[in-house]
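User: I would like to learn how to read a structure like this one, feature by feature. Could you give me the general idea each time and then show me the case at hand?

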Amino acid sequence: MSGVDAARLGRLRPHFDRYVEDGRLPGWLVVVHRDDETHVEYSGRRDLEADLPVEEDTLWRIYSMTKPITSVAAMMLWEEGHFELKDPVSRWLPEFADMRVFRGGAMAKVVTEPAREPIAIWHLLTHTSGLTYGFHHANPVDALYRAAGFEWGSPPGMDLEACCGAWAELPLLFQPGSEWNYGVSTDVLGRVVEVISGQPLDEFLAARVLAPLGMVETWFSTPAPEHDRLAALYAPDPETGRATRSPASDAAKRPPEFLSGGGGLVSSAADYLRFTRMLLGGGELDGVRLLSPRTLRMMASNHLPGHADLEAFGRPLFAETTFDGVGFGLGFSVVEDPVAGRYPSSRGEFAWGGAASTAFWVDPDERMVVLFFTQLLPSSTYPIRSQLHQMVHQALVD
């Protein structure tokens, strides 16, 4: 591979194999793509109990790595003139008009005030809307989400439209645009895509993003003939730290009621590589253009006020590393200061990850895409992402 020391890149396997050997990870797969050359490494088991190995075509729950796909879909509609980034979400989802914002109190005695400005589309793309996740367990608004049935999933019988209606009845965590907080913003964005396009989110993504890119193995549920390829989900045993099978392992084998644009997709390494190569290519792959280079540059720019990083502007993050020097764009994190994070990266690198410890980054300066797949919940368990940066960058020698 051009500009890469093969022996140094070979350090990836023994490093991550240590996670497998001591039982912390069931298995893993890494892709390093640079200058149209691709290096793939994998090891361990996709299913420990069935003794099935990780293979190059293993299917993975990518969770929040769904978010960049939904964000690209929305920006395709933006390029067609369907909305402006400052437009209020209530133009398409009237339930989000006249939102209330948390001021204090707890649960039954929550005190709220009116939102000073409406939630705009750019608030959804940047996670500055004030919407949250129930699994944070960080404040009374998160508790209200859990009480309404939203922690790691959604209540039975509720589709995306119904979920948006339920979220709109809950208070925002803060005034729109005033802070950054990880939450259901991209799910709401997926509903905006549905309303504008007149199609269910799965149909729109399939027709406008996945099929054009040749992503033939990315779905909201795994087709029955492919169930054997799906990696099982694991979580660390609280006493031993060893990967223990999660009861959610089979959830991705059933069609969901709730099409989560924020975390619902299953994909393969080959498919997600095609998506990230499109991003690296400025919106184009193999003659198929989804976005203009200028749109993608705007998406991969830090949109946080004053070029703040997530540590200064954000609430505590559900991740294993800090985000010093890392801002947020329209669907991705964006590196502003490569030194601040204390691991190697490039200014302008954009990235995100998923709840089961998957991750990707796109580095235009290094002409490189890196993907990591495993299936361990939650992603904050081990410093996999910072170590992956360390192991890949030490192999670059040009």
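Analyst: Let us begin with a loop residue: arginine 342 is found in the loop between β13 and β14, and this is a predicted model, so its confidence deserves a word as well.

User: How should I read confidence, and in which helix is it lowest and in which highest?

Analyst: Where pLDDT is low, the predicted coordinates should not be read in detail. Here the mean pLDDT of the protein is 96, with 98% of its residues at 70 or more; the lowest confidence is in helix α11 (residues 310–313), at a mean of 93, and the highest in helix α3 (residues 66–79), at 99.

User: What is the sign of phi at arginine 342, and is the residue buried or exposed?

Analyst: Most residues other than glycine have a negative phi, and most peptide bonds are trans. Arginine 342, although not a glycine, has a positive phi of about 65°, and it is exposed, with a relative accessible area of 68%. Aspartate 98, in the loop between α3 and β5 (100–104), also has a positive phi, of about 55°, and is exposed because its relative accessible area of 76% lies over the 50% cut-off.

User: Which residues does a cis peptide bond join?

Analyst: A cis peptide bond joins leucine 377 and proline 378, with omega at about -5°; proline 378 belongs to the loop between β16 and α12 (384–393).

User: How do I read the sheet, and which strands are at its edges?

Analyst: Strands of a sheet pair through backbone hydrogen bonds, either parallel or antiparallel. In this case an open sheet of eight strands follows the order β3-β2-β1-β16-β15-β14-β13-β12, with antiparallel pairing. The edge strands, β3 (52–53) and β12 (326–328), each pair on one side only. Three bridges join β12 to β13 (residues 333–335), and glycine 327 stands opposite valine 334 in β13. Helix α9 (residues 269–280) lies across β1, β2, β14, β15 and β16, running at about 150° to β16.

User: Where does threonine 218 sit, and is it buried or exposed?

Analyst: Threonine 218 is in the loop between α8 (201–213) and β7 (234–236), and it counts as buried because its relative accessible area of 5% is under the 20% cut-off. Its side chain makes a polar contact of 2.8 Å with that of serine 267 and another of 2.7 Å with that of aspartate 271. Leaving aside residues up to four places away in sequence, threonine 218 touches Leu210, Leu265, Val266, Ser267 and Asp271.

Key: Residues numbered from 1 in each chain as written. Predicted model: local features only at pLDDT ≥ 70, side-chain atom pairs only at ≥ 80, totals over all residues. Heavy atoms only, no water. pLDDT = per-residue confidence, 0-100. Helix = DSSP H or I, 4+ residues; strand = E, 2+ residues; numbered from the N terminus. Buried < 20%, exposed > 50% of the residue type's maximum accessible area, 1.4 Å probe, protein only. Polar contact = N/O pair within 3.5 Å; in protein donor to acceptor, adjacent residues only side chain to side chain. Contact = heavy atoms within 4.5 Å. Pairing = 2+ DSSP bridges. Axes fitted to C-alpha atoms, helices over the stretch in contact; angles between N-to-C directions.
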